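Ready for a walk through a protein model? Open your viewer, switch on the cartoon, and keep the selection box handy.

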Amino acid sequence: MSQRNNPPNPARTQVGIVGCGPAGLFLAHLLHRAGIESVIVENRAREAVEGTIRAGLLEHWVTELMREMGLGERMAREGHAHDGITLQYGATRFHLPLDELTGGKRVTLYPQHEVLIDLIAARLADGGTIHFGVSDTAFHDVRTDRPRITFRHPDGTPGELACDYVVGADGFHGPGRRAIPAAGRREYDRTYPFGWLGILAHAPLSWHELIYARHEEGFALLTTRTPEIQRLYIQCDPRDDIANWPDDRIWAALHRRLETAGDWKLANGTIFQKGIIPLRSFVCETMRHGRLFLAGDAAHIVPPTGAKGLNLAVADVLVLSRALEVAIRRGDESGLDAYPATALRRIWKAERFSWMMTTMLHVDAAESPFEHRIRMADLDFLAGSRNAQAALAENYVGLPL
């Protein structure tokens with residue numbers, strides 16, 4: 001359905017945003033704090049946006065930003081702060097004290113869909129406009145000073161927004177990136193030969209923090225959603241059929257990949273959701289085209305091993321919101337001119353970190369025995385080097401803005 005607040009469906013707004021994910025919602029809130037109007041249009045229904053269950057790990061600065069913006073009350077109550085992570089290779093397991101290595105910084109497990117629930121409720125409570133369930137969304141005249149967004153409401157009636165600036169925060173498949181001519185886009189892509197089979201299970205807590213494991217059969221990750229609900233992943237063929245993975249086979253693979261020679265045992269439970277996702281790295285460096293700007297997954301995708309997706313989207317729009325404020329208030333577009341280069345410095349560092357974590361922890365059948373030994377040496381070096389651990393921890397909790 002389309003959520004409309006007073007005034008209903010304004011024909012004009014200062015910033016038109018396509019996409020009601022982390023990038024679009026954080027941008028709308030940041031602009032609102034600066035006194036700048038925005039309208040969000042989203043092709044999914046509100047129930048679909050809030051009901052798509054996704055994992056979420058928030059970097060230290062993102063949790064601080066949410067608290068500062070008055071959006072962190074439920075996160076503080078229901079999120080799980082973690083001072084460290086555990087890495088495992090073979091039967092060897094070691095702890096990385098993130099807080100000790102980074103001067104007290106932590107990460108917080110708080111699923112992405114819960115973040116979206118909080119941000120949507122707060123945006124509507126502030127009088128913001130979000131049009132849900134729209135179709136045929138398109139950008140127009142983005143190289144002029146009056147860009148437009150057109151769409152159709154769920155009842156079929158046409159909608160149009162005349163804007164000062166427009167933002168594609170609409171994911172990899174949205175119209176934002178496609179509004180930039182393909183010949184003019186600088187894009188970089190890496191598709192990995194493996195995917196993740198993820199599950200949600202009603203099961204007791206098995207470990208007090210995340211475990212990232214490299215096993216001869218492949219990667220495994222143990223994380224948590226609540227003390228009673230656990231989220232776990234195993235490396236698999238991204239083309240595999242989930243029907244080939246009955247629950248018993250999943251639990252057997254998790255036990256083999258996560259258990260050690262000690263007394264610790266993984267706690268089984270009842271799986272109530274499972275699916276397979278492919279892994280890829282992608283960057284579109286052309287993040288500005290006239291008065292159209294890309295943010296979040298519309299501009300970049302990272303494999304989930306580094307837990308950077310949501311955090312990188314928020315970093316994009318923090319930079320973009322500041323530049324838009326200066327442009328709208330003072331007519332100075334120098335910050336908008338610098339936006340792609342500024343954002344890309346962080347994007348490529350996050351891409352590097354996510355690629356490093358992915359290649360170090362996953363088994364690639366195309367790699368030689370020599371390369372396999374190098375990955376094990378990476379982990380062995382990490383286990384014994386405080387400096388190497390500090391570098392990983394600095395990236396994991398979030399680089400300074």
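Begin by selecting methionine 360, which sits in helix α10. Keep in mind that this is a predicted model. Is methionine 360 buried or exposed? With a relative accessibility of 5%, methionine 360 counts as buried, because the cut-off for that class is under 20%. Now show what surrounds this side chain: leaving out residues up to four places away in sequence, methionine 360 touches Arg214, Arg375, Asp378, Leu379 and Leu382. Try a distance label too, between the C-alpha atoms of methionine 360 and aspartate 378; your viewer should give 7.1 Å, for two residues that are 18 apart along the chain.

Next, widen the selection to two helices, α10 (residues 334–361) and α11 (residues 369–384). Their axes lie 8 Å apart and make an angle of about 110°, so α10 and α11 are roughly perpendicular to each other. Which residues make the contact? From α10 come Thr359, Met360 and Leu361, and from α11 come Arg375, Asp378, Leu379 and Leu382. Colour them by class and you will find 4 nonpolar, 1 polar and 2 charged residues in this contact.

Stay with α10 for one more stop and pick tryptophan 348, together with tyrosine 188 in strand β12. These two residues are 160 apart along the chain. Their ring centres are 5.6 Å apart and their planes meet at 75°, so the pair is edge-to-face. Switch on a surface here: tyrosine 188 is partly exposed, at 39% relative accessible area, and tryptophan 348 is partly exposed as well, at 35%.

Follow β12 along to tryptophan 196, which pairs with tyrosine 233 of strand β15, 37 residues away in the chain. In this case the ring centres are 4.7 Å apart and the planes stand at 45°, so the pair is tilted. Both tryptophan 196 and tyrosine 233 are buried. Add Tyr212, Phe219 and Tyr396 to the selection, and you have a cluster that ring pairs link together with Trp196 and Tyr233. The structure as a whole holds 11 aromatic pairs.

Now go back to the cartoon and look at the sheet. This open sheet has 8 strands with mixed pairing, in the order β6-β5-β13-β14-β15-β12-β16-β19. Which strands stand at the edges? They are β6 (92–97) and β19 (300–301); each has a single partner strand, so one side of each is left without a neighbour in the sheet. Zoom in on β5 (residues 84–89) and β13 (residues 211–215), which run parallel and are joined by 4 bridges. Within this stretch, glutamine 88 has alanine 213 of β13 as its bridge partner. Then select helix α8 (residues 247–258), which lies across several strands, including β5, β6 and β13, and runs at about 85° to β15.

For the last stops, move to helix α3 (residues 60–68), whose buried residues are Trp61, Val62, Thr63, Leu65 and Met66. Just after α3, glycine 70 takes a positive phi of about 75°. A little further on is arginine 74, in helix α4 (residues 73–78). Arginine 74 is buried, since its relative accessible area is 19% and the cut-off is under 20%. Aside from neighbours within four places in sequence, arginine 74 is in contact with Gly79, Tyr110, Glu114, Ile117 and Asp118.

Notes:
Residues are numbered from 1 along each chain as its sequence is written. This is a predicted model: local features need pLDDT of at least 70, side-chain atom pairs count only at pLDDT 80 or more; totals for chains, interfaces and linings use all residues. Side-chain values use heavy atoms; hydrogens and water are left out. Axes are lines fitted to C-alpha atoms, for helices over the stretch in contact, and angles run from 0 to 180 degrees between N-to-C directions. Angles under 35 degrees count as roughly parallel, over 145 as roughly antiparallel, 65 to 115 as roughly perpendicular and the rest as oblique. Contact means heavy atoms within 4.5 Å. Ala, Val, Leu, Ile, Met, Phe, Trp, Tyr, Cys and Pro count as nonpolar, Asp, Glu, Lys and Arg as charged, and the others, Gly among them, as polar. Buried means under 20% relative accessible area, exposed over 50%, partly exposed in between (1.4 Å probe, protein chains only). Two strands pair if DSSP finds at least two bridges between them. Rings of Phe, Tyr and Trp (its six-membered ring) pair if their centres lie within 6.5 Å; planes under 30 degrees apart count as stacked, over 60 as edge-to-face and the rest as tilted.
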